[in-house]
Amino acid sequence: MQVYITAIEEGFLYGLLALGIYISLRILDIPDLTTEGSFGFGSAVAAVVASQGLSFLSFIAAFFAGVLAGVVTGLLQTKLKVHPVLAGIITMSGLYSINLMVRGSSNLNFNANSVFTKLFGLLGISGINKKIVGLVIGAVICIIITAIVIVFFRTHLGLCIRATGDNKDMVKASSINVDFSLIFGLALANGLIALSGALISHYLGLSDQSFSNGTLIYGLAAVIIGEAIFGKRNVALGFISAVVGSVIYKIIVAFVIDVSLFGKNSENLMKLTCAIIVAITLVIPEIKKQIENSRVKKEAKRNA
């Protein structure tokens, strides 16, 4: 049972990562590969700031570190006309070295200054209660930020960003600054991703260079799983589905490990598990579409 509580807790903490990827992939319609770099950047900055005793300030610092990463990617795309995929790769590659320099090593332990550690110590919580309280904290943080993001995308600037992703030419004709909307959208997306990295680091009490490995695939899986369940109806539901998809993905992975679906190597085959989950979630909508098309054709023949 504790395995699944941990999975749900991590699902909410990674939910901000899913929100960021949803913004770039679905709203801006850009395959932004900055993700792994900005996630690690947020983790590294949060660890360094928190290790100085500024635990809560570390989250703000991490968010703006991600914003900076998103701005760099956006400027490469808009001002230097670099292809979106290449722009993301360039920023991600540069951040790999920057993250090492920020930490000063491949990992940094700051468990004593972790927000979670301080809170648990203050409340005198231990054992399984840590997991339950951590789950509640993660859920509350994720729900609040998701609500804020949904409200933002109903504002004038949010609608401009959505319009930019839908049709750039139409937006240009409406005298809206496309470049600014694009850069702001990428900055917000990567800020959320970096904040997710900060939360995960505080949850674990350390920051490691390997934390960001596979985060892009994880975020894509969360978005796809959410859409497979809720569909693509509107932006608000899209954000909610991304978070739900994040939690479901973590539960699936926990189940694979718990029942040793791949035998003793279950933990070592995490990336394979992820690939299989993504493949299945991609195939399900197509199967549904084919079944629906087949049903329509049969009804057409019946009525002919």
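Me: Is lysine 301 buried or exposed in this predicted model?
Reply: Let's go by its accessible area. Lysine 301 has a relative accessibility of 67%, and the cut-off for this class is over 50%. Because of that 67%, lysine 301 counts as exposed.

Me: Which helix holds lysine 301?
Reply: Happy to place that residue for you. Lysine 301 also takes part in a positive surface patch, together with Lys297, Lys298 and Arg302. Its helix covers residues 270-303 and is called H13.

Me: Now the aromatic rings: are the rings of tyrosine 14 and tyrosine 218 stacked, tilted or edge-to-face?
Reply: Good one to work through! A pair of aromatic rings is described by the distance of the centres and the angle of the planes. A search of the whole structure finds 11 aromatic pairs. For tyrosine 14 and tyrosine 218, the centres are 4.9 Å apart and the planes are at 50 degrees, so the pair is tilted.

Me: How many residues apart are tyrosine 14 and tyrosine 218 along the chain?
Reply: Both of these tyrosines are buried. Tyrosine 14 sits in the loop between helix H1 (2-13) and helix H2 (15-27), while tyrosine 218 belongs to helix H11 (residues 215-230). The pair therefore links distant parts of the chain, and the separation is 204 residues.

Me: What kind of aromatic pair do phenylalanine 152 and phenylalanine 153 form?
Reply: Phenylalanine 152 and phenylalanine 153 are both buried, and they belong to one aromatic cluster with Tyr22, Phe180, Phe184 and Phe239. Their centres lie 5.1 Å apart, with 80 degrees between the planes. An angle over 60 degrees counts as edge-to-face, and this pair is edge-to-face.

Terms used: Residues are numbered from 1 along each chain as its sequence is written. This is a predicted model: local features need pLDDT of at least 70, side-chain atom pairs count only at pLDDT 80 or more; totals for chains, interfaces and linings use all residues. Side-chain values use heavy atoms; hydrogens and water are left out. Patches are made of residues with over 30% relative accessible area and no salt bridge: like charges are joined within 9 Å, nonpolar side chains (Val, Leu, Ile, Met, Phe, Trp, Tyr) within 5 Å. Accessible areas come from the Shrake-Rupley method with a 1.4 Å probe; for residues, only the protein chains shown count as cover. A salt bridge is a side-chain nitrogen of Lys or Arg within 4 Å of a carboxyl oxygen of Asp or Glu. Lys and Arg count as positive and Asp and Glu as negative; His and the chain ends are not counted. The place of a charge is taken as NZ of Lys, CZ of Arg, CG of Asp or CD of Glu. Helices (H or I, at least four residues) and strands (E, at least two) are DSSP runs, numbered from the N terminus. Buried means under 20% relative accessible area, exposed over 50%, partly exposed in between (1.4 Å probe, protein chains only). Rings of Phe, Tyr and Trp (its six-membered ring) pair if their centres lie within 6.5 Å; planes under 30 degrees apart count as stacked, over 60 as edge-to-face and the rest as tilted.
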